[in-house]
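Subject: Structure handover

Hello,

Here is the structure I said I would pass on. Please open it alongside this email, as the notes below go through it part by part.

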Amino acid sequence: MSQPILEVKHLCKYFSTPRGTLHAVEDLSFTLQQGRTLGVVGESGCGKSTLIRTIIGLSPATDGSVIFDGKDITHLKKKEQKELRKDMQIIFQDPFSSLDPRMSVRAQITEPLKLANLHIKKPELEERLKSLMDTVGIAERFADAYPHEMDGGRRQRVGIARALAMDPRFIVCDEPVSALDVSIQAQILNLLQDLQEQMGLTYIFITHNLSVVNHISDENLHMYLGCMVETCESEELFERPLHPYTKALLSAIPQPSIRVKQEPILLEGELTSPINPAPGCRFAPRCPYATELCTKELPEPAEIMPGHIVACHNVQEINKL
C-alpha cells in the first residue's frame, strides 16, 4: 500500500477553562489514503469540528502530530501554512455565514487566487472563474450576485468553488449539507462525489447524519467526547458494529421498510464531563456493559478484526468473538 496522504498520530487538543482543562480531542490516531473519504461521526460536542480545525492548522495541537503527504505540519509557521492552503482546503457548515455578504460571487471565488500572489492576469482569472462556476454548477449570470440573492444550495456551491480555486488535493467538509433542504443535500453530495472522481480529491467528511455518511464515506471514524471509539470500512461498520455506542447510533437510523422492525437502543445515564475527565472510559456511565475496569482505565484502540479498530475493554464478550 502506498504512503497515506494524511497520518494523525496521538493527536490531543485541550482548552483551558475557568473550571479546568477541557479535553476536546484525546489521543486520536488514524490514516487516510489518497482519493478516499473518511466520515467522522458523533454527537454534537464530541470534538468532530475541533479535530478537523486542529488537523488543518486553524487551531494549534496540544500534543501529537499531523503528517500530510509525508511532511509534519503540526507546528508550521505562518508562511508555511499559507503554502499548505494550496493543497488543503475546507468547506464550512453554514454557506451563508462562511461567505462575505459584501462580496460578489466573482470576488468570493477569485479571492484565494489573489491572496496566493499567483500574479494571474485578468483574462486568465476570468477564465478560471468561469471554469470553476461551471464545475460546481453555478450559471454565469450569478457571477455578480451577492450571497443574499442566492438560495442555500447555490451559496454552498460558491463555497465549494472557492475551496477548489487553488486545486487542492485534500478537502475537509464540515457538515456541508446539514443546513440545506433534503433535496439540495442530495445534489451537493452527488457534486462532491463527482468532483472526487474527476480530480482524485481526498475528503474528511464531518457529519452527525449516519445516512449521509453511509452514502459518501469509504471508511468511518466514530467519536465520543473527544475519543475514538470505533473505525473501519464504512460497509463493515454498518453491517457489523462492535462498540456499544456505535450499535446505539446505528439502531436509531429510520428503516425505509415497514417490514423491518428495529428497536432503537436507548442510552441511559449521565454524560461524562470533558473538563478534567475522570479516569476510565468516557462512555462507561451510559454503557450497559460497563465493568469496574471501564471506570478506572481508558481503553486503548485495538484491531479486533482486519482493519476494524475498537476502543472497548469488553468488545470480545459483548460480541461473542
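How many of the 5 residues of strand β3 (residues 37-41) are buried? The count is 5 of the 5, so β3 is largely enclosed by the rest of the structure. Please keep in mind that this is a predicted model.

Strand β3 and its partners

The residues of β3 point in two directions: Thr-37, Gly-39 and Val-41 one way, Leu-38 and Val-40 the other. Residues on both sides are buried. A residue counts as buried when its relative accessible area is under 20%.

β3 pairs with strand β8 (residues 202-207) through 5 bridges, and the two run parallel. One of the residue pairs to look up is Val-41 in β3 with its bridge partner Thr-207 in β8. β3 is also joined to strand β9 (residues 219-224), by 4 bridges and again in parallel. Here Leu-38 of β3 has Glu-219 of β9 as its bridge partner.

The open sheet

There is also an open sheet of 4 strands, in the order β2-β1-β4-β5, with antiparallel pairing. β2 and β5 (71-72) are at its edges and have a single partner strand each, so one side of each is left without a neighbour in the sheet. Inside this order, strand β1 (residues 6-17) and strand β4 (residues 63-68) are antiparallel and share 5 bridges. Cys-12 is a residue to find here, with Asp-63 in β4 as its bridge partner.

Helix α1

Helix α1 covers residues 48-55, and 6 of its 8 residues are buried, so the helix is largely enclosed by the rest of the structure. The buried residues are Lys-48, Thr-50, Leu-51, Ile-52, Thr-54 and Ile-55. When you look at that list, it helps to know that an α-helix has 3.6 residues a turn, so residues three or four places apart point the same way. Just after α1 comes Gly-57, which has a positive phi of about 90°.

Two residues in loops

Arg-286 sits in the loop between α9 (244-251) and β11 (302-305). Is Arg-286 buried or exposed? Its relative accessibility is 13%, and because this is under the 20% cut-off, Arg-286 counts as buried. Its side chain makes a polar contact of 3.3 Å with the side chain of Glu-43. Setting aside neighbours within four places in sequence, the residues in contact with Arg-286 are Glu-43, Tyr-224, Leu-267, Glu-268, Gly-269, Glu-270 and Leu-271.

Leu-242 is in another loop, the one between α8 (234-239) and α9. Leu-242 has 0% relative accessibility and therefore counts as buried. Between the C-alpha atoms of Leu-242 and Asn-214 the separation is 17 Å, and the two residues are 28 apart along the chain.

Pockets

The largest pocket holds about 590 Å³ of space. It is lined by 22 residues, and those closest to its centre are Arg-85, Gln-89, Pro-112, Leu-115 and Arg-162. At least two lining residues come from each of α2 (78-84), β6 (88-91), α3 (105-115) and α5 (152-164). Sorted by class, the lining has 12 nonpolar, 4 polar and 6 charged residues.

The volume of the second largest pocket is about 400 Å³. Its lining has 19 residues, with Phe-30, Thr-31, Glu-219, Thr-231 and Ile-309 closest to the centre. Glu-219 has come up before, as the bridge partner of Leu-38. Two elements, β2 (20-32) and β10 (227-233), give two or more residues to this lining. Which element gives the largest share of the lining? It is β2, with 6 residues. By class, the lining of the second largest pocket divides into 8 nonpolar, 6 polar and 5 charged residues.

The cavity

With a threshold of 30 Å³ or more, the count is 1 cavity. The space in this largest cavity is about 80 Å³. Its lining has 14 residues, and Cys-281, Cys-287, Cys-294, Cys-312 and His-313 are the ones nearest its centre. Which classes make up the lining of the largest cavity? There are 11 nonpolar and 3 polar residues, and no charged ones.

Regards

Conventions
Residues numbered from 1 in each chain as written. Predicted model: local features only at pLDDT ≥ 70, side-chain atom pairs only at ≥ 80, totals over all residues. Heavy atoms only, no water. Buried < 20%, exposed > 50% of the residue type's maximum accessible area, 1.4 Å probe, protein only. Polar contact = N/O pair within 3.5 Å; in protein donor to acceptor, adjacent residues only side chain to side chain. Contact = heavy atoms within 4.5 Å. 1 Å grid on protein atoms, 1.4 Å probe; cavity = no way out; pocket = protein on both sides within 12 Å on 5 of 7 lines; lining within 4 Å. Points joined across faces, edges and corners; volume = space filled by probe spheres on them. Nonpolar A, V, L, I, M, F, W, Y, C, P; charged D, E, K, R; others polar. Pairing = 2+ DSSP bridges.
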